[in-house]
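The following exercises ask the student to read a protein model step by step. Each task is followed by a worked solution.

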Amino acid sequence: TMKFLVDVNLSKKKKLLEDHPNLENVKDKIDGKVSDKKLIKYAKKHTYGIYTQDKECALYALIAGVTVWYKDQKTQESSKIKAQKLKFTKREKEGKL
């Protein structure tokens, strides 16, 4: 089972952490102020996913190749997302679509 680091904005919710044993508080892993960049770098290095409600953080994590468990703040729906590397043909790389 993949472990997910809980984004700083959600890390204060103890019930969330208690209800989901595969979630870990980012503040227990990283000392000091935790920026999105620092969170993503740590997650990638230590093969964690990221649990967040922050769209920007989720997007940057996906670009970096980190799995994201995203919860929409308005609908409360959650999705686990993993970006896949795309392979381009030589023609596509040259911009000749």
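Helices (H or I, at least four residues) and strands (E, at least two) are DSSP runs, numbered from the N terminus. The model is a predicted one, in which local features need pLDDT of at least 70 and side-chain atom pairs count only at pLDDT 80 or more, while totals for chains, interfaces and linings use all residues. Residues are numbered from 1 along each chain as its sequence is written, and side-chain values use heavy atoms, with hydrogens and water left out.

**Exercise 1.** Locate Leu16 and determine whether this residue is buried or exposed.

Solution. Step one: Leu16 belongs to helix 1, which covers residues 14-19. Step two: recall that buried means under 20% relative accessible area, exposed over 50%, and partly exposed in between (1.4 Å probe, protein chains only). Step three: the relative accessible area of Leu16 is 16%, so Leu16 is buried.

**Exercise 2.** State the order of the elements in the protein chain.

Solution. Step one: count four helices and five strands. Step two: read from the N terminus, which gives β-α-β-α-β-α-β-β-α.

**Exercise 3.** Describe the two sides of helix 3 and explain why its buried residues lie on the same side.

Solution. Step one: in helix 3 (residues 55-63), the buried residues are Cys57, Ala58, Ala61 and Leu62. Step two: these residues span an arc of only 130° around the axis, and therefore share one side of helix 3; the arc is taken from the directions from the helix axis to the C-beta atoms. Step three: a general rule applies, since an α-helix has 3.6 residues a turn, so residues three or four places apart point the same way. Step four: the face turned away from the buried side carries the exposed residues Lys55 and Ile63. Step five: the cover over the buried residues includes helix 2 (36-45), strand 3 (49-52), strand 4 (68-71) and strand 5 (78-81).

**Exercise 4.** Identify the residues with the most contacts inside the largest nonpolar core.

Solution. Step one: a nonpolar core is a set of buried Ala, Val, Leu, Ile, Met, Phe, Trp, Tyr and Cys residues joined through side-chain atoms within 4.5 Å. Step two: the largest such core has 18 residues, and Leu39 and Ile50 have the most contacts inside it. Step three: helix 2, helix 3 and strand 4 are the elements that give two or more residues to this core. Step four: another core, of seven residues, lies apart from it and includes Phe4, Val6, Leu16 and Leu17.

Conventions:
Contact means heavy atoms within 4.5 Å.
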